[in-house]
Amino acid sequence: MSHLIEMKGITKTYQLGKTDVVALRGVDLTIDAGEFTVVTGPSGSGKTTLLNIIGCLDRATSGSYVLDGVDVGTRDFDDLAGVRNEKIGFIFQNFNLIPVLDVAENIEFPVAVRKNAEDPAALRARVEQLAKAVGLDQFLHHKPDELSGGQRQRVAIARALITRPRLVLADEPTANLDSKTSEQIIDLMLALNREQAVTFLFSTHDARVVSHARRALQISDGRMVAGAMAH
Amino acid sequence: MALLKLAVRNLLRNRKRTVITLVALVVGVSAMIATRAFINGFRGMIIENQTRGVLGELQVHHVGYVANVQSSPLTIDMVDSPEVRAKIAAVPGVGVVSPRIDFGAQLSTPDRTPPHEDGSELPEADRGTSTFMMVTAFEPALEKQVTPRRWDWIGAGRGTMSEAGDSTSLVLNDDFARALKLELLPAGAALPPVERQAALITGDREQALNGENVVIGGTFASVTANDRRIGFLPLALAQRLLRMEGRVTEYGLTLEPGADLEQVKAGLQAALGPEYEVHTWAERIPFLTDLVETQTKIFNIVSTIVLLVVLLGIVNAMLMSVLERVREIGTMLAVGMRRSQITRMFLMEGAVLGVVGGVLGIAVGLLLVLVMSQAGIELPAPGAKVASVIHPTVEPFFVVRTLAQAVIGSALAAILPARRAAALRPVEALAHT
Ligand SMILES: Nc1ncnc2c1ncn2[C@@H]1O[C@H](COP(=O)(O)OP(=O)(O)OP(=O)(O)O)[C@@H](O)[C@H]1O
Ligand SMILES: [Mg+2]
């Protein structure tokens with residue numbers, strides 16, 4: 001069976017003025033559907049860079065990357081918009097909700113921007129079901145600025161799941177939350193992984209969070225130092 | 001996603017900025033409407049003064065007259081008889097027919113004091129003078145119906161124009177009469193002795209010199225810059241002076257209400273035959289076209305500048321909006337919104353601004369026009385001594401065009417900000433703080 005993510009020899013070099021900053025120095029990584037994986041590493045080690053490449057937000061300088069059977073390396077950016085939209089859900093450190101949209105509209109946004117729209121009634125039902133799953137069914141018509149940080153991140157999780165993605169990426173999803181709320185968010189993601197087989201890959205600094213993970217990757221100075229290959 | 005909904009909400013997000021942008025748009029659009037209406041009203045006032053004060057709606061001459069109008073040719077004249085007038089009046093759409101003669105004459109004014117007993121010369125200031133002037137002769141009772149504005153101007157001057165058939169009373173421009181130190185003969189007063197009367201002297205059709213005594217019965221106030229050396233004379237007196245009994249050079253005509261100018265003109269030409277020529281008022285005042293063209297040109301330049309400034313305001317406001325929304329745009333791109341959709345979202349914001357600002361601007365502009373036209377703006381024409389009333393009006397086509405300019409212009413103004421937003425790279429946009 002083929003892997004969900006198959007990366008070989010991924011490098012990333014940023015051009016910073018005249019100097020080159022090497023962020024990734026040849027990363028090999030495979031992830032299978034249904035996994036719950038956490039990436040850890042010191043600040044500046046390359047976690048965000050790796051997640052951006054996996055999420056098709058950025059391109060590797062070299063190496064090969066196949067996502068769910070799609071050779072991502074050969075696609076252009078607007079083409080990848082479709083890949084991102086269909087296959088990947090994003091959860092951000094800063095929540096990044098659209099401030100002018102209410103909770104329900106934020107959750108349905110990735111589906112609403114599609115060219116061929118889904119049946120509105122079915123979409124609404126799914127939005128409500130997801131809102132219930134993240135515990136926000138009482139807040140459907142609240143604007144993001146009327147919600148707490150934890151609630152906002154729950155909206156973001158629901159938004160990431162509305163497209164039934166193959167993979168949910170979360171770059172330090174708990175960094176802006178207090179420890180109790182972080183715990184709840186992690187529990188929510190674990191439950192979604194367990195009950196709905198959602199594949200999660202997220203980065204964190206938080207050692208306690210790591211302890212929940214089924215699989216932990218460690219990155220240091222642009223190299224994978226532990227856990228790269230499936231157990 | 002309904003782009004319209006997103007656009008409206010984003011505009012409502014920074015209300016102060018949106019309101020300021022809208023106010024600029026409303027001021028610009030309403031100023032364009034009001035200015036245009038004022039120019040139209042100004043043009044209407046000039047037309048009104050010309051048609052209802054000088055020309056009439058239509059004019060009939062002997063063929064060739066208008067081509068030689070500068071020399072007021074008396075030889076290119078027509079027989080005037082009840083039959084001719086009836087023939088003209090019989091053409092459908094023709095209202096009142098007023099016969100006229102236009103001619104130039106020397107106005108000779110009497111000495112201001114009796115001659116000295118000892119035969120010595122009068123001082124310069126008391127001696128009479130002689131000066132050239134243009135005279136329009138008509139029958140007051142008829143002319144009053146064709147160019148009633150003349151009588152408004154006489155009303156703003158002094159005295160009256162006698163309607164008596166044997167009247168020798170000349171009505172002069174008030175400034176002209178004052179410059180010549182001419183005294184008015186009060187209505188009903190006995191004529192002064194002949195040597196104390198003014199005289200009009202001119203060559204008749206055969207170039208023979210003739211003179212007739214006149215008295216100054218009234219004056220009219222100037223309404224234009226070039227009506228100073230002008231006077232009105234009873235037609236019968238002019239015909240005697242010019243040895244043109246039973247002849248005139250011009251008929252001034254009114255139209256019946258609702259009649260079509262060009263249609264009546266064609267009807268007249270057909271009824272009268274090739275011996276006659278028929279002109280509309282517009283053909284007699286070519287300067288009006290030039291004037292309107294110049295005003296329109298200046299108006300277009302100014303309104304283009306105004307619109308550009310307003311639209312630059314929109315560009316600026318939307319660029320600020322893009323800068324504030326960088327991370328949000330990054331998020332939209334990340335979750336799969338395409339660059340073209342980002343572009344459309346901002347173009348939609350520009351268009352919504354344009355529609356709202358344009359519609360409000362037109363509403364305010366039309367309200368201004370309504371207030372101005374109800375009140376009527378009193379404004380003297382260039383060089384005039386009495387004010388004419390301007391009634392501003394605006395044509396529906398111009399209103400529609402201005403709205404289209406505001407909407408399309410605003411959408412175009414959004415192109416630059418929209419392209420900037422769509423060109424953002426999501427990784428960097430998401431990292432933006
Ligand atoms: N846009 C960029 N331009 C230049 N250098 C960059 C850029 N983004 C990241 N880097 C560099 O690449 C390296 C890896 O950065 P990255 O953000 O991936 O680390 P990280 O592990 O996510 O760190 P943190 O834990 O602080 O978020 C760092 O040295 C960083 O300075
Ligand atoms: Mg990072």
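This text walks through selected parts of a predicted model, beginning with a ligand and the elements around it.

Start at ligand 1. Its surroundings comprise 14 residues, and those that come nearest are Ser43(A), Gly44(A), Lys47(A), Thr48(A) and Thr49(A). Three side chains place a polar atom by an oxygen atom of the ligand. For Thr49(A) the distance is 2.6 Å, for Lys47(A) it is 2.8 Å, and for His205(A) it is 3.1 Å. Ligand 1 on its own would expose 630 Å², and the protein buries 66% of that area. Two or more residues of the shell are given by each of strand 1 (5-16), strand 2 (19-31) and helix 1 (47-54) of chain A. Helix 1 of chain A supplies the largest share, three residues. Sorted by class, the shell holds seven polar, five nonpolar and two charged residues.

Helix 1 of chain A deserves a look of its own. Seven of its eight residues are buried, so the helix is mostly covered. The buried ones are Lys47(A), Thr49(A), Leu50(A), Leu51(A), Asn52(A), Ile53(A) and Ile54(A). Two of these names have appeared already: Lys47(A) has a polar side-chain atom 2.8 Å from an oxygen atom of ligand 1, and Thr49(A) has one at 2.6 Å. After the helix comes Cys56(A), with a positive phi near 60°.

That sign is worth a short pause. Most residues other than glycine have a negative phi. Chain A offers further exceptions. Glu172(A) has a positive phi, near 50°, and is located in the loop between strand 7 (167-171) and helix 6 (179-196) of chain A. Asp221(A), also not a glycine, has a positive phi of about 50°. The loop that holds Asp221(A) runs between strand 9 (215-220) and strand 10 (223-226) of chain A. Are these two loop residues buried or exposed? Glu172(A) has a relative accessible area of 13%, and because the limit for buried is under 20%, Glu172(A) counts as buried. Asp221(A) has 47%, which lies between that limit and the 50% above which a residue is exposed, so Asp221(A) is partly exposed.

Next, return to the strands of chain A that give residues to the ligand shell. Strands 1 and 2 belong to an open sheet of four strands, in the order 2-1-4-5, with antiparallel pairing. Strand 2 and strand 5 (70-71) of chain A are the edges, each pairing on one side only. Inside the sheet, strand 1 and strand 4 (residues 62-67) of chain A are joined by five bridges in the antiparallel sense. One of the bridge pairs consists of Ile5(A) and, in strand 4, Leu67(A).

Chain B also has antiparallel strands. Strand 12 (residues 377-380) and strand 13 (residues 387-390) of chain B run antiparallel and are joined by four bridges. Opposite Pro380(B) stands Ala387(B) of strand 13. Strand 13 has two unlike faces: Ser388(B) and Ile390(B) form the covered one, while Ala387(B) and Val389(B) form the uncovered one.

Two buried residues of chain B complete the tour. The first to consider is His61(B), which lies in strand 1 (residues 58-62) of chain B. Its relative accessibility is 0%, and it therefore counts as buried. What does the side chain of His61(B) make a polar contact with? The partner is the side chain of Glu250(B), at 2.8 Å. Beyond its neighbours within four places in sequence, His61(B) is in contact with several residues, including Val66(B), Met78(B), Thr249(B), Tyr276(B), His279(B) and Arg284(B).

The other residue is Ser410(B), part of helix 13 (residues 396-413) of chain B. With a relative accessible area of 0%, Ser410(B) is buried too. Its side chain reaches the backbone oxygen of Ala406(B) at 2.6 Å. Residues three or four places apart in an α-helix point the same way, because there are 3.6 residues a turn. Setting aside residues up to four places away in sequence, Ser410(B) touches Leu25(B), Leu311(B), Ile314(B), Gly350(B), Gly354(B) and Gln405(B). Gln239(B), by contrast, is 171 residues from Ser410(B) along the chain, and the C-alpha atoms of the two are separated by 66 Å.

Notes. Residues numbered from 1 in each chain as written. Chains lettered and ligands numbered in written order. Predicted model: local features only at pLDDT ≥ 70, side-chain atom pairs only at ≥ 80, totals over all residues. Heavy atoms only, no water. Buried < 20%, exposed > 50% of the residue type's maximum accessible area, 1.4 Å probe, protein only. Pairing = 2+ DSSP bridges. Near = heavy atom within 4 Å. Polar contact = N/O pair within 3.5 Å; in protein donor to acceptor, adjacent residues only side chain to side chain. Areas by Shrake-Rupley, 256 points an atom, 1.4 Å probe, with all protein chains shown as cover. Nonpolar A, V, L, I, M, F, W, Y, C, P; charged D, E, K, R; others polar. Contact = heavy atoms within 4.5 Å.
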